[in-house]
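Hi,

Here is the structure I promised to pass on. Have a look, and my notes on the charged side chains follow underneath.

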Amino acid sequence: MSLKKITTRLLTAAIIVSLFSGCSDEKHIISYDSATTEAVEEKSPKIAKKDISAVLLLPDDPDDGACMSAAHKEAFISATKDLGINAAVLPKVSDDSINEATNSANIIFGAGYDYMNLLDDKAKENPEKLFSCFGGYKYNSTNYTNYYTAIYEAQYLAGIAAGTNSTSGKIGVISEYSKEYPDSAAEINSFALGARAANPEAQIIVRSLGSRSDTSLAEQCTHSLIAEGCDVISIQCDTSIPSKVASEKDVYHIGYGTVMCDSDTDDSAELCLTSVVWDLTEYYKSAFNSAMNGTWAASNYYGTLSDNAVMLAELCEDADPITIERINSASKLINEAKFEIFSNKKIEFSAEGVASLKDAALVDNNSNIMISEDGTQCFLYSGDELVPIDPAAVTSDHLASSNMNYLVEGVIVRE
């Protein structure tokens, strides 16, 4: 099965609206000289293929089980190898390493939100070089862009797999954060909505690490979730430790970033229900082509499930046969833009696994209506208070996921 997709860590509706209004098909941005009021064309640096020296900065080390970082590394190496480009990958990058990388390379990718401000500064200091940050929202009109994935769509499908194959109705999630960041909340919520589409009584029990990849805490949290009765564990952080613990305990797990279980080499592969996988190979190729064409400017990257930037990996052989029917039917509705996950619609499945849509309010885990059944009323939290929001600002998935500061019905957070 090949189901794929992409999004960005953004903070407010205002930010995301301004960001995407800047992501036009224009190759160059027109600004105005303040002294003469004459239009000035700002062009991106153009770098010949033979002169490209690229580097990918990773927040963690794939060799230590960092699954998100592994996904970036695999895609980057695949793209540079196919194009014949000189490139390097630097894991666990410090500020000093960023300085070194900037000095030695002319195209720099930072595979993490934490690099956003540093790369922004480097882009200003090095106008002849090109920069891009995964998960950031800053960019300029010449040499700094950003890229991300609407990973929540793949998480919805993974939730369907979890809800279909859980016998206890308790499903565990190991996440970086919960509702502190919109993108973390969106992943948890979409996974929960998918799980409860398959099993309306499912409980999604979340333990967050408060960081990208605290391996010791991830191990502890996985043991706790399994002890509580969770029979499926979803990884939503940059460590494969939960999959190892789940395998040892004979519990299904859902991988993250890259395919975690290879049935040819891993005896526990039958316990890897599926994996939510990023495949950014085509993004990296398109980025290098834009560098060679001088069209780097205004090319912030945001894709969808149908863009094949993320995917749900093949289901394990022991998965309930109805799982694939449900996933294929739901993904068709998403790909055809008939279903927004964070909306006043929900999916129901027939006995044969066919998905249909029903009007339904989106309710949070405090029993508050966040989007009304008719879609005319929407809310977000300001502190502990609900604040009405213009529906246009939050009723499309990419806007909703950028502003999300709540968890949906069925989600339980354990401290």
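How many salt bridges does the structure hold? The count is 11, and bear in mind that this is a predicted model.

Let's start with a pair inside a helix. D120 and K124 form a salt bridge, with N to O at 3.4 Å. The two sit four residues apart in helix 4 (residues 116-125), so about one helical turn separates them. D120 counts as buried because its relative accessibility is 10%, whereas K124, at 59%, counts as exposed.

Next, two strands. D359 pairs with K345 in a salt bridge whose closest N and O atoms are 2.4 Å apart. That pair links distant parts of the chain, with D359 in strand 16 (residues 355-359) and K345 in strand 15 (residues 345-349), 14 residues apart. E348 and K358 make a salt bridge too, the closest N and O atoms being 3.7 Å apart. Here E348 belongs to strand 15 and K358 to strand 16, 10 residues apart. Elsewhere, D82, E282 and K285 are joined into one network by salt bridges that share partners.

Then there is the surface: D250, E270, E314, E317 and D318 gather in a patch of negative charge. E314 sits in the loop between strand 14 (310-312) and helix 10 (322-335), and is exposed, with a relative accessible area of 63%.

One last loop to check: E180, between strand 8 (170-175) and helix 6 (182-198). The side chain of E180 reaches the backbone nitrogen of S178 at 2.7 Å. The C-alpha atoms of E180 and M404 are separated by 9.3 Å, with their positions 224 residues apart along the chain.

Cheers

Definitions and conventions: Residues are numbered from 1 along each chain as its sequence is written. This is a predicted model: local features need pLDDT of at least 70, side-chain atom pairs count only at pLDDT 80 or more; totals for chains, interfaces and linings use all residues. Side-chain values use heavy atoms; hydrogens and water are left out. Patches are made of residues with over 30% relative accessible area and no salt bridge: like charges are joined within 9 Å, nonpolar side chains (Val, Leu, Ile, Met, Phe, Trp, Tyr) within 5 Å. Accessible areas come from the Shrake-Rupley method with a 1.4 Å probe; for residues, only the protein chains shown count as cover. A salt bridge is a side-chain nitrogen of Lys or Arg within 4 Å of a carboxyl oxygen of Asp or Glu. Lys and Arg count as positive and Asp and Glu as negative; His and the chain ends are not counted. The place of a charge is taken as NZ of Lys, CZ of Arg, CG of Asp or CD of Glu. Buried means under 20% relative accessible area, exposed over 50%, partly exposed in between (1.4 Å probe, protein chains only). A polar contact is a pair of N or O atoms within 3.5 Å; within protein, one must be able to donate a hydrogen and the other to accept it, and residues adjacent in sequence count only if both atoms are side-chain atoms.
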